[in-house]
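Q: I should like to learn how to read helices and their packing in a protein model. May we work through one case together?

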Amino acid sequence: MKIVIAPDSFKESLSAPDAALAIARGVRAACPDAQIVTIPMADGGEGTVAAVLAAAGGQWRSTDVTDALGASAPAAWGWVGNDTAVIEMAAAAGLEQVPPDRRDPLRATSRGVGELIRAALDAGARRIILGLGGSATNDGGAGMLSALGLRIRDAQGELIDDGGAALARATRIETDALDPRLATVRIEVASDVDNPLCGPHGASAVFGPQKGATPEQVRQLDLALSHYADLCARTLGRDERDRPGAGAAGGLGFAAHAFLNAAFRPGVEVVAELGGLAEAMRGATLAFTGEGRMDEQTLHGKTPAGVARIAKQAGVPVVALAGSLGPGYDKLYEAGITAAYSLAAGPMTLAQACAQAAELLTDRARDATRLFLAGGQR
């Protein structure tokens with residue numbers, strides 16, 4: 001019996017590779033002779049590089065970059081095959097890297113993301129996968145573009161400061177020094193966000209408060225991004241602010257649309273392709289997936305829904321394991337999930353559940369496999 005195991009990470013407890021190993025232990029306990037294929041997954045956010053390298057092979061690399069607060073810090077990224085770089089925005093400008101009392105979306109910069117892209121170009125990348133989850137920034141990708149050679153100047157002709165607030169002072173954009181290698185590389189943005197850049201559904205209004213923005217700062221940042229988008233439209237001759245995904249990662253999605261000619265794809269689709277998930281599903285009898293929490297929102301680009309879609313195409317039943325099941329999780333059944341289970345074996349705190357996540361995953365995977373086998377499947 002062939003069983004495919006393709007979970008996302010369980011936030012604050014297990015990486016996707018560790019979650020896959022825990023599930024595999026449970027499957028093996030119930031069915032010692034099973035052929036087990038583990039393909040760690042991600043949806044473009046934190047853990048994407050680790051998942052891709054665990055599933056597809058490759059090398060970890062590290063580059064010193066400018067972090068979200070402007071300090072120098074090492075950022076890890078991945079290299080797959082002969083020409084593909086895998087980068088997480090969160091590694092260079094991630095919200096979790098910034099202590100809550102130091103979060104400042106007015107000044108946080110995406111410059112380090114551009115420095116990672118430049119490092120990938122220096123290494124000879126012909127394809128760059130860029131995951132946009134977990135950002136601390138709201139600068140419209142201006143920091144990233146500045147690291148790649150774009151010059152944004154104020155009325156006095158000086159380069160503007162880093163951060164979203166400074167965009168309000170921009171009066172001129174110069175593209176002549178933008179790294180010419182960008183025209184020869186394919187950049188694929190892995191993201192499940194389809195928000196526009198500005199307005200009530202834009203980067204500032206929807207995601208700004210998560211990054212520490214007050215209501216007044218949300219208004220300030222939204223106006224600054226709108227001004228920046230006007231300036232970019234005059235410079236490029238086209239307006240990209242309403243493109244799906246423009247509001248991702250504090251507006252870095254807008255910069256990717258406008259200046260990098262990036263192709264936007266669901267993160268889970270990109271990771272599944274690199275890891276060979278569709279091929280692994282062929283001939284499988286059962287599949288497992290999971291993540292920290294599943295609810296109705298899981299349908300919108302999250303890993304379990306993506307795994308279920310691929311498994312459904314191959315006619316493979318899917319068991320989903322989650323730290324918790326929220327309202328509407330049963331809608332996942334229509335997407336291809338056969339059964340979903342919460343990990344908790346009884347009353348416990350979140351801290352206890354996180355500490356015991358590996359053991360709980362193993363137990364639930366064992367139980368689900370035993371139930372499947374009881375139905376006569378081998």
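A: Let us begin with burial in helix 1 (residues 16–30) of this predicted model, whose buried residues (under 20% relative accessible area, 1.4 Å probe, protein chains only) are Ala-16, Ala-19, Ala-20, Ala-22, Ile-23, Ala-24, Gly-26, Val-27 and Ala-30. Helices (H or I, at least four residues) and strands (E, at least two) are DSSP runs, numbered from the N terminus. The model is predicted: local features need pLDDT of at least 70, side-chain atom pairs count only at pLDDT 80 or more, and totals for chains, interfaces and linings use all residues. Residues are numbered from 1 along each chain as its sequence is written, and side-chain values use heavy atoms, with hydrogens and water left out.

Q: What covers the buried residues of helix 1?

A: Contact means heavy atoms within 4.5 Å. The cover includes strand 1 (2–5), strand 2 (35–38), helix 2, strand 11 (286–294), strand 12 (318–325) and helix 14 (357–374).

Q: What span should helix 1 have?

A: The expected span is 1.5 Å times one less than the number of residues. For the 15 residues of helix 1 this gives 21 Å, and the end C-alpha atoms are 22 Å apart, which agrees. Helix 14, with 18 residues, reaches 26 Å from its first C-alpha to its last, close to the 26 Å expected.

Q: At what angle do helix 1 and helix 14 cross?

A: Axes are lines fitted to C-alpha atoms, for helices over the stretch in contact, and angles run from 0 to 180 degrees between N-to-C directions. Here the axes come within 7 Å and cross at roughly 40 degrees. Helix 1 and helix 14 are therefore oblique to each other; angles under 35 degrees count as roughly parallel, over 145 as roughly antiparallel, 65 to 115 as roughly perpendicular and the rest as oblique.

Q: Which classes of residue make up the contact of helix 1 with helix 14?

A: Ala, Val, Leu, Ile, Met, Phe, Trp, Tyr, Cys and Pro count as nonpolar, Asp, Glu, Lys and Arg as charged, and the others, Gly among them, as polar. Among the residues that meet are Ala-19, Ile-23 and Arg-25 in helix 1 and Leu-361, Thr-362 and Arg-366 in helix 14. By class, the contact has 10 nonpolar, 3 polar and 3 charged residues.

Q: How are helix 2 and helix 9 arranged?

A: Helix 2 (residues 48–56) and helix 9 (residues 267–275) pack at about 25 degrees, with axes 8 Å apart. They are therefore roughly parallel to each other.

Notes: Buried means under 20% relative accessible area, exposed over 50%, partly exposed in between (1.4 Å probe, protein chains only).
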